[in-house]
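Open the model in your viewer and keep the selection tool handy. We will walk through it stop by stop.

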Amino acid sequence: DLSSRRHACSFGRPLPPRSHLLRPFAAPAMKTLVQEEMIKVPKGIKISVKAKMVEVTGKHGSLKRDFKHLPIELYLANSGH
């Protein structure tokens with residue numbers, strides 16, 4: 001009899017049902033963040049973006065940064081100004 005086993009280790013009180021243990025685990029859905037940021041590039045500055053690798057060159061030298069470890073999208077956009 002299963003009902004007699006349910007009283008075994010709870011000092012005479014019935015144990016809570018195990019239905020919560022049988023439910024499949026559902027991970028919460030991930031939220032997708034959408035944000036867009038544009039920056040103005042001063043004259044005399046050259047920027048190149050290729051495969052999340054950004055290189056900025058100006059009168060003081062050049063700087064390279066790798067953004068491959070981040071889930072972002074980088075692109076150059078001509079604003080027409």
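Two strands count as paired if DSSP finds at least two bridges between them. Keep that cut-off in mind on this tour. One caution before you click: this is a predicted model.

**Stop 1: β2 and β3**

Select residues 53–58, which make up strand β2, and then residues 61–66, which make up strand β3. These strands run antiparallel, and six bridges join them. Six bridges meet the cut-off of at least two, so β2 and β3 pair. Now pick Val56. Which residue of β3 is the bridge partner of Val56? Look across to Leu63. Then trace the link from β2 to β3: two residues lie between the strands, and together the strands form a hairpin.

**Stop 2: β1 and β2**

Step back along the chain and select 46–50, strand β1. How many bridges join β1 to β2? There are five, and the two strands run antiparallel. Click Lys50 and find its bridge partner in β2, Met53. β1 and β2 also form a hairpin, with two residues between them.

**Stop 3: the loop between β1 and β2**

Select Ala51, in the loop between β1 and β2. Most residues other than glycine have a negative phi. Ala51 is not a glycine, yet its phi is positive, about 55°. Is Ala51 buried or exposed? Its relative accessible area is 58%, so Ala51 is exposed, the cut-off being over 50%.

Next, select Lys52, which lies in the loop between β1 and β2. Lys52 has a positive phi of about 65°, and it is not a glycine either. Its relative accessibility is 27%. Buried means under 20% and exposed means over 50%, so Lys52 counts as partly exposed.

**Stop 4: the largest pocket**

Turn on the surface display and go to the largest pocket. About 1400 Å³ of space lies inside this pocket. Which residues lie nearest its centre? Select Glu37, Met38, Ile39, Leu74 and Tyr75. They belong to a lining of 28 residues.

Now colour the lining by class. You should find 17 nonpolar residues, five polar residues and six charged residues.

Finally, bring back the strands from the earlier stops. β1 and β2 each supply at least two residues of this lining. So end with β2 selected: this strand is joined by bridges to β1 and to β3, and β2 also helps to line the largest pocket.

Notes: Residues numbered from 1 in each chain as written. Predicted model: local features only at pLDDT ≥ 70, side-chain atom pairs only at ≥ 80, totals over all residues. Heavy atoms only, no water. Helix = DSSP H or I, 4+ residues; strand = E, 2+ residues; numbered from the N terminus. 1 Å grid on protein atoms, 1.4 Å probe; cavity = no way out; pocket = protein on both sides within 12 Å on 5 of 7 lines; lining within 4 Å. Points joined across faces, edges and corners; volume = space filled by probe spheres on them. Nonpolar A, V, L, I, M, F, W, Y, C, P; charged D, E, K, R; others polar. Buried < 20%, exposed > 50% of the residue type's maximum accessible area, 1.4 Å probe, protein only.
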